[in-house]
Structures are given as structure tokens and as C-alpha cells.
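Ready for a few exercises on a structure that's new to you? Have a look at it first, then try each task before reading its solution.

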Amino acid sequence: PPHLLQVLVTQFLVSGVTRACMVYTAFGFTIKGTRHFLSRRLCQSRVLGCPSIKQLTVRLTKIPATPLRNARFSTALLRGRGSARMLKSTDGDVVKTSEETRASLHWPVVLYVPNLIGYLRITLVAAAALTKQFETSIACYVACASLDFFDGIAARALKQTSRFGAVLDVAVDNVQRAVAWHHAACAWSAPAFVAVPCVEWMVFAITHATSDSEWKEDLATTAKTTPPLFVRVVMANGFKTVPGLVAISGLHCLPAALWCAKSAPAQTTLSALSNHRLVLGILILGRLLAFVVEAYVATTYLSKLADADRRKKTTSRTS
């Protein structure tokens with residue numbers, strides 16, 4: 001039957017995405033261990049001027065153990081230790097440490113495992129936007145939202161954090177919510193819903209143009225005046241409070257709930273949950289809290305621009 005076929009396709013997509021994520025993570029762990037082993041050996045060979053591991057072993061056996069500095073240095077080499085400072089070899093030459101050598105052996109940033117997950121999320125978002133069938137579209141949307149947890153875990157586990165990855169993650173989140181708002185606008189015949197993603201993209205541009213990924217902390221420390229109480233309550237501890245969690249829930253879940261409320265098949269759990277008044281009320285309240293924070297971020301940024309222009313004019317007049 002068509003309904004059974006839809007369920008099978010949905011389960012196949014979700015299971016395929018989960019398996020792909022597990023394969024990417026396992027592959028990243030394997031490459032990490034291999035790169036760590038090679039970086040230690042390459043650092044040792046560069047420090048002592050040996051082109052191969054065999055010559056390195058012969059050279060290490062010839063290091064005199066009487067000077068305390070040489071003994072400590074050879075021990076550090078054998079254990080693969082390194083620091084951010086420059087060290088001297090037994091010949092007196094200044095060489096790079098293993099940490100700098102490992103940095104030169106890293107993958108390109110665009111091929112980091114978290115970024116690969118981000119590319120997969122973009123593909124799922126595109127499928128959710130272009131697919132007209134609700135079941136397949138919502139399955140791709142849920143799979144994309146689920147992968148948002150795995151990219152952060154992979155970035156911390158593999159130590160593959162980057163500014164590019166942080167911007168990519170937030171950009172994909174914005175695109176994902178924009179797709180949900182588009183479907184909600186079509187389902188409710190409310191073109192005004194499209195204005196919400198515009199506000200989110202404006203705040204995205206402001207936060208990443210000024211203070212990058214640490215904008216929450218910088219906003220509280222660089223503002224001339226103390227933020228209002230409700231803004232401080234929502235933003236406290238990086239939104240990791242009850243009001244902050246409500247705001248984040250409304251930010252991410254409200255467009256999907258509005259979309260499912262009109263498009264989900266009747267008499268299903270998804271339809272009943274999306275049309276529940278308490279759930280919708282909490283999500284709407286959370287989105288309003290998020291909008292208050294967005295308005296505060298925008299006004300603070302505009303006031304900083306105005307103050308910078310005023311100081312520039314005052315300096316030009318005095319000079």
C-alpha cells in the first residue's frame with residue numbers, strides 16, 4: 001500500500017543518515033590515531049635531521065646522556081611530547097615542536113568530519129524543501145535536525161573545531177528553519193511568516209560580523225549599559241536556563257510545529273502534538289523571548305555603529 005511504502009522510505013532515509021554519520025565519525029577517529037602516530041615520528045625525524053625512522057633510531061642511540069638538557073630532550077622526543085615553544089636539538093639548531101608539526105598535518109578545514117556532516121545536512125534541507133510529499137519532507141527535516149547534535153560531538157571528540165565550521169553550523173540551522181517557515185507559510189496561507197527568517201539572517205550577520213562565535217559573552221561585556229533584566233535572564237549561562245531553553249525551543253521547533261499542524265495527517269501523534277494548545281503556547285512564548293533578544297542584539301549593534309561614527313566625526317573636527 002502507498003502508506004506502507006511511505007513508512008519504509010522514511011525509515012530507510014533515517015537509518016541511512018544515522019549509519020552514514022556513524023561511518024564518518026569512526027573514520028575520523030581512525031584518521032586521528034594514524035595522524036597522531038605519524039606526527040610524532042615526523043617531529044622526531046625533523047628535530048634530529050633524519051629522513052627515516054630507521055636513521056632516527058640510530059641517531060637517538062648516539063645522543064649523550066650525560067648533559068641533563070640532552071637527556072630531558074631525548075626523553076621528550078621518545079614520548080612524543082611537545083609544547084608551543086621552540087626547542088634546540090643536540091646540534092644547537094632551533095626546530096619546531098611536535099604541536100606545530102601536527103598542525104601542519106591536519107586535514108583541510110573543509111574536509112573536517114563536522115563540516116562533512118554539515119554538507120549532509122544541507123543536502124537533507126534541500127530535499128525537505130523540494131519534496132512535495134509531507135512524510136518524506138518531514139523525515140528529511142527531522143534527520144537534518146538530529147545531525148545537528150552529532151557535528152558538535154564529532155568536533156569536540158576529534159578536536160576539529162574551526163570558525164568555518166561554527167559559521168556553517170549556524171548557517172545550516174538558519175536555512176533549515178527558513179524551509180520550515182516556508183512550508184508553514186504555505187500551509188497557513190500566511191506570507192508574513194517569511195519575515196521571521198529575514199530577522200534571523202539579520203541577527204546572524206550582526207553576530208558573526210562583530211564578535212563571531214563568542215557573541216553572547218561579548219555582548220554582555222562590551223555593552224555600555226547593562227542589558228535589561230529579561231534579556232539577561234534569557235541569555236544567562238549561554239541560554240542554558242529555563243527561559244533560555246524555552247526561547248531556543250521556540251526558535252527551532254515553532255516553525256516545524258506550525259508546519260505539521262496543518263500538513264500532518266489527521267488522527268496521528270504528530271498532528272495531535274502540533275495542534276496541542278499548551279505545546280503551541282510554550283513554543284510561541286519561546287519564540288517571542290528569542291525575538292526580544294534578537295531585537296536587543298540589533299539595537300545594540302546599531303548603537304555601536306552610531307557611536308563609532310560620532311567618535312570619528314569628533315576626531316576629524318579636532319584634527
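**Exercise 1.** Find the buried residues of α5 and check the length of this helix.

*Solution.* Start with burial: Val113, Pro114, Asn115, Ile117, Gly118, Arg121, Leu124, Val125 and Ala128 are the buried residues of α5. Here, buried means under 20% relative accessible area, exposed means over 50%, and partly exposed is what falls in between (1.4 Å probe, protein chains only). Helices (H or I, at least four residues) and strands (E, at least two) are DSSP runs, numbered from the N terminus.

Before going on, note that this is a predicted model, in which local features need pLDDT of at least 70 and side-chain atom pairs count only at pLDDT 80 or more, while totals for chains, interfaces and linings use all residues. Residues are numbered from 1 along each chain as its sequence is written, and side-chain values use heavy atoms, with hydrogens and water left out.

A word on spacing: an α-helix has 3.6 residues a turn, so residues three or four places apart point the same way.

Now the length. The expected span is 1.5 Å times one less than the number of residues. For the 18 residues of α5 that gives 26 Å, and the end C-alpha atoms are 26 Å apart, so the two agree.

**Exercise 2.** Work out which salt bridges Arg121 makes with Asp148 and Asp151, and what they tie together.

*Solution.* First, the rule: a salt bridge is a side-chain nitrogen of Lys or Arg within 4 Å of a carboxyl oxygen of Asp or Glu. By this rule there are eight salt bridges.

Next, take Asp148, whose side chain meets that of Arg121 at 3.3 Å, N to O. Asp148 sits in helix α6 (residues 134–158) and Arg121 in helix α5, so this pair links parts 27 residues apart in sequence.

Then comes burial. Asp148 is partly exposed, because its relative accessible area is 23%. Arg121, with just 1%, is buried.

Now add Asp151, which forms a salt bridge with Arg121 at 3.8 Å, N to O. Asp151 is in α6 and Arg121 in α5, so parts 30 residues apart in sequence are tied together. Asp151 is buried too, at 9% relative accessible area.

**Exercise 3.** Say whether Arg287 and Glu294, partners in a salt bridge, are buried or exposed.

*Solution.* Their side chains meet at 3.4 Å, N to O. Arg287 has a relative accessible area of 8%, so it's buried. Glu294 has 9%, so it counts as buried as well. Elsewhere, salt bridges that share partners join Arg121, Asp148, Asp151, Asp169 and Asp173 into one network.

**Exercise 4.** Place Ser137 and list what it touches.

*Solution.* Ser137 is in helix α6. At 1% relative accessibility, Ser137 is buried. Skip residues up to four places away in sequence, and Ser137 touches Ala128, Thr131, His183 and Trp259 (contact means heavy atoms within 4.5 Å). Ala128 is also among the buried residues of α5.

**Exercise 5.** Where does Arg232 lie, and which residues is it in contact with?

*Solution.* Arg232 belongs to helix α10 (residues 229–235). Its relative accessible area is 42%, so Arg232 is partly exposed. Leaving aside neighbours within four places in sequence, Arg232 is in contact with Thr226 and Pro227. Finally, Arg232 and Gly244 are twelve residues apart in sequence and 9.7 Å apart in space, C-alpha to C-alpha.
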